Amino acid sequence: TIRFIPEFTHMGGIKASEDAARKLLFFDRADILSGLISYKSIPALIPLIEKEKKPAFFFDMGEYVPHFPYLSPDVFYSSHQLWQSQYALGHWAQSTWGSGGHMIMPVYEAGYHLNSTFQQGAAAAGGSSLQLTVLPFDQQHPHKMELDNIFAGWKTDRQASVHDLFCSRMGLRFLQQWIQSGLHKEVPLLVHEAMVYDDILDDLKHIDLELYTARSWMKEDESRANQVFVKQFEQLAQQPANIYALMGYEAGLVWKELLPHAQKKDWDTVKQQLRTAIIQGPSGEKNFYPLSGFALPASNILKITTSGNNIRKIILDQGKGMRFDAEEFKVIHDEAVSGWQNPFLCI
């Protein structure tokens with residue numbers, strides 16, 4: 001019924017994405033263009049998509065706040081809205097510990113909007129000061145982390161909280177050095193949600209660790225829709241349910257309704273229904289067209305502790321979502337222009 005034609009886009013830059021889309025649309029004659037893609041690459045793809053008048057259905061983690069100078073009626077988005085949990089975490093941290101927090105990150109993560117939306121959340125809760133440290137980038141040693149002087153400064157000038165914005169192995173190394181620094185459990189440590197997915201926590205469960213985060217989807221959520229997804233996926237895939245499986249499943253919920261129209265190549269009906277469709281998925285309501293107003297996810301504020309090969313997650317609060325086109329986020333697009341185009345967060 002469905003044939004998938006893959007195209008490798010290397011690091012997901014604009015040129016590679018455009019070349020892949022051109023081949024899929026004009027050579028392979030694909031009916032639907034899809035993939036994990038950055039908002040930075042979308043403007044180059046829209047003319048190709050609109051020329052063919054077929055739907056494009058893109059996925060993104062939500063590392064950027066969406067910004068659409070032109071909104072194509074042929075392009076649809078399934079976003080995890082990672083920036084929403086960052087906004088909720090910043091708002092909660094400010095409400096809980098007050099001003100005087102500190103964000104630390106490498107250059108790579110600084111290119112996204114994770115720090116900006118955390119800052120906007122803190123400001124919305126009345127925050128007046130939030131410091132930022134971006135580690136210097138050494139081209140000869142790209143994973144270099146010199147934290148001793150930073151930790152020593154934090155001991156002298158005590159922070160209200162610290163928000164670590166590292167990913168992958170650099171994130172694990174930061175947490176290991178944090179525990180050895182003498183600041184652990186003395187200063188609250190916050191991390192973004194991609195640092196506490198289950199596969200990452202498995203590498204930390206033997207360490208006596210305490211940290212805080214916000215997550216918009218949890219495998220442990222006991223809602224019926226979520227438990228059906230988790231059970232079905234794990235039985236079929238023989239692996240734990242994860243965020244990428246969730247995004248695919250949510251897309252499947254809407255596309256199974258569209259399949260009869262797609263098989264008839266009735267793309268006008270497919271696109272019209274995608275503009276208004278709302279699904280009730282494992283993470284709550286979800287829709288796929290920005291003008292209909294992306295459904296706001298409810299982010300759970302979590303305290304996570306690990307020790308003795310055990311992982312404990314306690315829900316402390318529930319954060320609030322924010323519309324992507326809210327006036328408060330205009331400053332991110334106007335004053336925090338980033339050149340990063342890689343859509344694959346945390347590689």
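The legends below describe close-up views of a predicted model.

**View 1. The largest pocket and its lining.**
In this predicted model, the largest pocket holds about 1,200 Å³ of space. Its lining is made up of 38 residues, and R3, F4, I32, L33 and S34 are the ones that lie nearest the centre of the pocket. Four elements, α1 (14-27), β1 (33-36), β2 (56-60) and α10 (243-263), each contribute at least two residues to this lining, and α10 supplies the largest share, with seven residues. Sorted by class, the lining of the largest pocket comprises 23 nonpolar, eight polar and seven charged residues.

**View 2. The largest cavity.**
The structure contains three cavities of 30 Å³ or more, and the largest cavity encloses about 150 Å³ of space. General background for this view and the next is that rolling a probe the size of a water molecule over the atoms shows where empty space is left. The lining of the largest cavity consists of S79, H80, Q81, S216, E250, S283, E285, K286, N287, F294, A295 and P297. Strand β10 gives the largest share of this lining, three residues. By class, the residues around the largest cavity divide into three nonpolar, six polar and three charged.

**View 3. The second largest cavity.**
The second largest cavity has a volume of about 40 Å³, and its lining is formed by Q81, W83, Q84, G293, F294, L296, M322, R323 and F324. Five of these lining residues are nonpolar, three are polar and one is charged. Q81 and F294, which appear here, are also found in the lining of the largest cavity.

**View 4. The surroundings of T213 in strand β8.**
T213 sits in strand β8, which spans residues 209-215, and T213 counts as buried because its relative accessibility is 0%. The side chain of T213 reaches the backbone oxygen of V191 at a distance of 2.8 Å. Leaving aside residues up to four places away in sequence, T213 touches L89, V191, H192, E193, V196, N300, I301, L302 and I304, so that V191 appears both in this set of contacts and as the partner of the T213 side chain.

**View 5. The aromatic pair of F76 and Y289.**
The model has 21 aromatic pairs. One of them joins F76 and Y289 in a tilted arrangement, with 5.5 Å from centre to centre and 45 degrees between the planes. This pair links distant parts of the chain, since F76 belongs to strand β3 (residues 75-79) and Y289 to the loop between β10 (284-287) and β11 (299-307), 213 residues apart. F76 is buried, with a relative accessible area of 0%, and Y289 is likewise buried, with a relative accessible area of 6%.

**View 6. The aromatic pair of F151 and W178, and the cluster around it.**
F151 and W178 form an edge-to-face aromatic pair, with 5.9 Å between the centres and 75 degrees between the planes. The pair links distant parts of the chain, with F151 in helix α6 (residues 148-156) and W178 in helix α7, 27 residues apart. Both F151 and W178 are buried. Ring pairs join F151 and W178 with W154, F166 and F174 into a cluster.

**View 7. Two loop residues with positive phi.**
As general background, most residues other than glycine have a negative phi. K185 has a phi near 70 degrees, a positive value in a residue other than glycine, and K185 lies in the loop between α7 (168-180) and β7 (189-191). With a relative accessible area of 45%, K185 is partly exposed. Q238 has a phi near 55 degrees, again a positive value in a residue other than glycine, and Q238 is found in the loop between α9 (224-237) and α10. Because its relative accessibility is 66%, Q238 counts as exposed.

**View 8. S95 and K205.**
S95 is found in helix α3, which covers residues 82-97, and S95 counts as exposed because its relative accessibility is 51%, with the cut-off for exposed set at over 50%. The C-alpha atoms of S95 and K205 are separated by 29 Å, and these two residues are 110 residues apart along the chain.

Terms used:
Residues numbered from 1 in each chain as written. Predicted model: local features only at pLDDT ≥ 70, side-chain atom pairs only at ≥ 80, totals over all residues. Heavy atoms only, no water. 1 Å grid on protein atoms, 1.4 Å probe; cavity = no way out; pocket = protein on both sides within 12 Å on 5 of 7 lines; lining within 4 Å. Points joined across faces, edges and corners; volume = space filled by probe spheres on them. Nonpolar A, V, L, I, M, F, W, Y, C, P; charged D, E, K, R; others polar. Buried < 20%, exposed > 50% of the residue type's maximum accessible area, 1.4 Å probe, protein only. Polar contact = N/O pair within 3.5 Å; in protein donor to acceptor, adjacent residues only side chain to side chain. Contact = heavy atoms within 4.5 Å. Phe/Tyr/Trp six-rings, centres within 6.5 Å; stacked < 30°, edge-to-face > 60°.
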